[in-house]
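Dear colleague,

Please find below the sequence and structure that I am handing over to you. My findings follow directly after them.

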Amino acid sequence: MIDYDDEARTYDESRGGEQRARAAAEAVQRLLPDTPGTVLDLGCGTGIVTRHLQHPGRRLLGVDRSGGMLALAAQRLPGAVVLGDGARLPFRTGSIDAVVSVWLLHLLAEPLAVLAEARRCLAPGGRLVTTVDKDDAYFVPDSDLAALTAPLRREHADRASDSTDRITTWAAGHGLQQVAETSFPGRGQGRSPRAWLKTIRAGRIPWCNQAEPGRVAELCRRLEDLPGQDQARPDPLYRLIALQA
């Protein structure tokens, strides 16, 4: 498990920085109501996405359980961030008009307790916007690199707990209906074959570390044969859904 307090200072730069944050925020904006109200960013991290959600008449709040991440978020959103656990949110029932959760559910072994808290906080008619299917973001069509890495990824990567079917089934049982969806690219995250080789050989790809060494060696050989060794391939494509109370 990542220690987000330790990673706080380098987190944004290592995750696509402002490019990715703006792409995410623009997608979230498409799914948020265009009306005044309180919007809570659940798992706001450094606030790099949250601050781009500003809108006339909208009050932004951010909550995260990492003090290191929140120290940066507080600089971007003065007076609007709270240290807290997503499974025990420090907000009144029915007090939030929209809850946003970007790149959070896939990190949780049991995301349903966090979703239940988000549902509790939603006002009547409120909206929950969340990323889903994080694992599938990397299976980019028409990418030679994605095609080469897909077999080992599918076999050995831990399956995230944020599948659309799981989330929408839970939502239906709690009075939430999917009303919209969109997607956005993870700007600046598309790697080149050479960058992939470097990362694999440094032991920083967990699903490669779990695979048979011979298959990893074969993958590396095939990556070395790809044209455009320093050419970045397409960015991952993330999916967002909106659930309406």
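**Helix packing, cores and two loop residues**

Helices α4 and α6 are oblique to each other, because an angle counts as oblique when it is neither under 35 degrees, nor over 145, nor from 65 to 115. Please bear in mind that the model is predicted.

Two packed helices are described by the angle between their axes and the distance between the axes. For helix α4 (residues 112–121) and helix α6 (residues 164–172), the axes cross at roughly 45 degrees and come within 11 Å. The crossing of these helices, α4 and α6, is right-handed. On the α4 side, L112, L115, A116 and R119 make the contact, and on the α6 side R166, I167 and W170 do so. Sorted by class, the contact of α4 with α6 has five nonpolar residues and two charged ones, with no polar residue.

I turn next to the nonpolar cores. In soluble globular proteins, nonpolar side chains tend to be buried together. In this model, the largest nonpolar core has 25 residues, and V28, V100, V129 and F184 are those with the most contacts inside it. At least two residues of this core come from each of α2 (17–31), β4 (96–101) and β7 (237–244). Helix α2 gives the most to the core, namely seven residues.

Which residues does V28 touch, leaving aside those up to four places away in sequence? They are L53, V100, V102, V129 and L240. A second core, separate from the one just described, has 24 residues, and L42, L104, L108 and L128 are included in it.

Finally, two loop residues may merit your attention when you inspect the backbone. W103 is found in the loop between β4 and α4. Although W103 is not a glycine, its phi is positive, at about 55 degrees. Is W103 buried or exposed? Its relative accessibility is 13%, so W103 counts as buried, the cut-off being under 20%.

The other residue is D133, in the loop between β5 (122–132) and α5 (144–156). D133 also is not a glycine and has a positive phi of about 55 degrees. With a relative accessibility of 18%, D133 therefore counts as buried.

With kind regards

Methods: Residues numbered from 1 in each chain as written. Predicted model: local features only at pLDDT ≥ 70, side-chain atom pairs only at ≥ 80, totals over all residues. Heavy atoms only, no water. Core = buried A, V, L, I, M, F, W, Y, C linked by side-chain atoms within 4.5 Å. Buried < 20%, exposed > 50% of the residue type's maximum accessible area, 1.4 Å probe, protein only. Helix = DSSP H or I, 4+ residues; strand = E, 2+ residues; numbered from the N terminus. Contact = heavy atoms within 4.5 Å. Axes fitted to C-alpha atoms, helices over the stretch in contact; angles between N-to-C directions. Left-handed = near helix turned anticlockwise from the far one by under 90°. Nonpolar A, V, L, I, M, F, W, Y, C, P; charged D, E, K, R; others polar.
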